[in-house]
Amino acid sequence: MAMADPKSRRRPDPMYEGQLSNLEVMDMLKKRGAKERENSLTEVERQVWEYLNGTRRCTATRQAAAEFLQAIDKFKLSKYEQLQLLNQRPLQHVELYLLVDNCDDRFSEEECEELLGLVNQFLSEKRDGG
């Protein structure tokens, strides 16, 4: 059995390496023609498109997402926690506590309120036009 040459393997686009937000996945699928002609997508891509398109969580713009990430920088959240907040858009404390490790130990009640306020300010459906 011949081994594939590792150099010949297709390398992923650096823009899409690592963990992606739902917004980035939607953008990638749009670039592959998801809006215009869904038949240009694979079955898995089509299912992901349909799922994400049906959620309120993919309506943010890249600018709003960047502003949100900049605004929450002072909280020193991990990249994973930032991604979870961006994707899940928590509206209540219980959701925030599920997404941020040791939230009650790391942040005061006021800081949690501030985080939720920033989610609402930058990622709300009203701002996104939804």
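Let's start with helix 3, residues 62-71, where Ala-64, Ala-65 and Phe-68 are buried. Look down the axis of helix 3 and those buried residues fall within an arc of 100°, so they line one face of the helix. Now flip to the face turned away from the buried side: there you find Gln-63 and Gln-70, both exposed. And before I go on, keep in mind that this is a predicted model.

Okay, a quick zoom out. The chain has eight helices and zero strands. Read from the N terminus, the order of elements is simply α-α-α-α-α-α-α-α. There are 130 residues, and 35% of them count as buried. On contacts: take those with a separation of 6 or more, and 55% of them come from residues 24 or more positions apart.

Next, the stretch just after helix 3. Ile-72 sits in the loop between helix 3 and helix 4. Is Ile-72 buried or exposed? It has 0% relative accessibility, so Ile-72 counts as buried. What does Ile-72 touch, if you don't count residues up to four places away in sequence? The list is Leu-77, Gln-82, Leu-85, Leu-115 and Leu-118. If you want a number for one of those, the C-alpha atoms of Ile-72 and Leu-118 are 7.6 Å apart, while along the chain the two are separated by 46 residues.

Leu-115 was on that list, so let's go there. You'll find Leu-115 in helix 7. With 0% relative accessibility, Leu-115 counts as buried too, since the cut-off for that is under 20%. Setting aside neighbours within four places in sequence, Leu-115 is in contact with Ile-72, Phe-75, Leu-77, Leu-85 and Leu-96. There's also a C-alpha distance to Pro-90: 9.2 Å, with the two positions 25 residues apart along the chain.

Phe-75 turned up among the contacts of Leu-115, and that brings me to the aromatics. How many aromatic pairs does the structure hold? One. The partners are Phe-75 and Phe-107, and the geometry is edge-to-face, with 5.8 Å centre to centre and 75° between the planes. Where are the two rings in the chain? Phe-75 is in the loop between helix 3 and helix 4, residues 79-88, and Phe-107 is in the loop between helix 6, residues 103-106, and helix 7, residues 109-123. That's 32 residues apart, so the pair links distant parts of the chain. Both Phe-75 and Phe-107 are buried.

On to helix 4. Helix 4 is mostly covered, with seven of its ten residues buried. Which ones are buried? Glu-81, Gln-82, Leu-83, Gln-84, Leu-85, Leu-86 and Asn-87. You've heard two of these names already: Gln-82 and Leu-85 are among the residues that Ile-72 touches. As for what the buried residues of helix 4 pack against, that's helix 1, helix 3, helix 5, helix 6 and helix 7.

Right after helix 4 comes something for the backbone people. Helix 4 is followed by Arg-89, and the phi of Arg-89 is positive, near 50°. That's a positive value in a residue other than glycine. Arg-89 lies in the loop between helix 4 and helix 5, residues 93-99. With a relative accessible area of 1%, Arg-89 is buried. Asn-102 also has a positive phi, about 50°, and isn't a glycine. Asn-102 belongs to the loop between helix 5 and helix 6.

Last stop, the N-terminal part of the story: helix 1, residues 22-31, and helix 2, residues 43-53. They pack at an angle of about 130°, with their axes 10 Å apart. Helix 1 and helix 2 are therefore oblique to each other. Helix 1 passes helix 2 in a left-handed crossing. Who makes the contact? From helix 1 it's Asn-22, Val-25, Met-26, Leu-29 and Lys-30, and from helix 2 it's Glu-45, Val-48, Trp-49, Leu-52 and Asn-53.

Key
Residues numbered from 1 in each chain as written. Predicted model: local features only at pLDDT ≥ 70, side-chain atom pairs only at ≥ 80, totals over all residues. Heavy atoms only, no water. Buried < 20%, exposed > 50% of the residue type's maximum accessible area, 1.4 Å probe, protein only. Helix = DSSP H or I, 4+ residues; strand = E, 2+ residues; numbered from the N terminus. Arc of directions from axis to C-beta. Phe/Tyr/Trp six-rings, centres within 6.5 Å; stacked < 30°, edge-to-face > 60°. Axes fitted to C-alpha atoms, helices over the stretch in contact; angles between N-to-C directions. Parallel < 35°, antiparallel > 145°, perpendicular 65-115°, else oblique. Left-handed = near helix turned anticlockwise from the far one by under 90°. Contact = heavy atoms within 4.5 Å.
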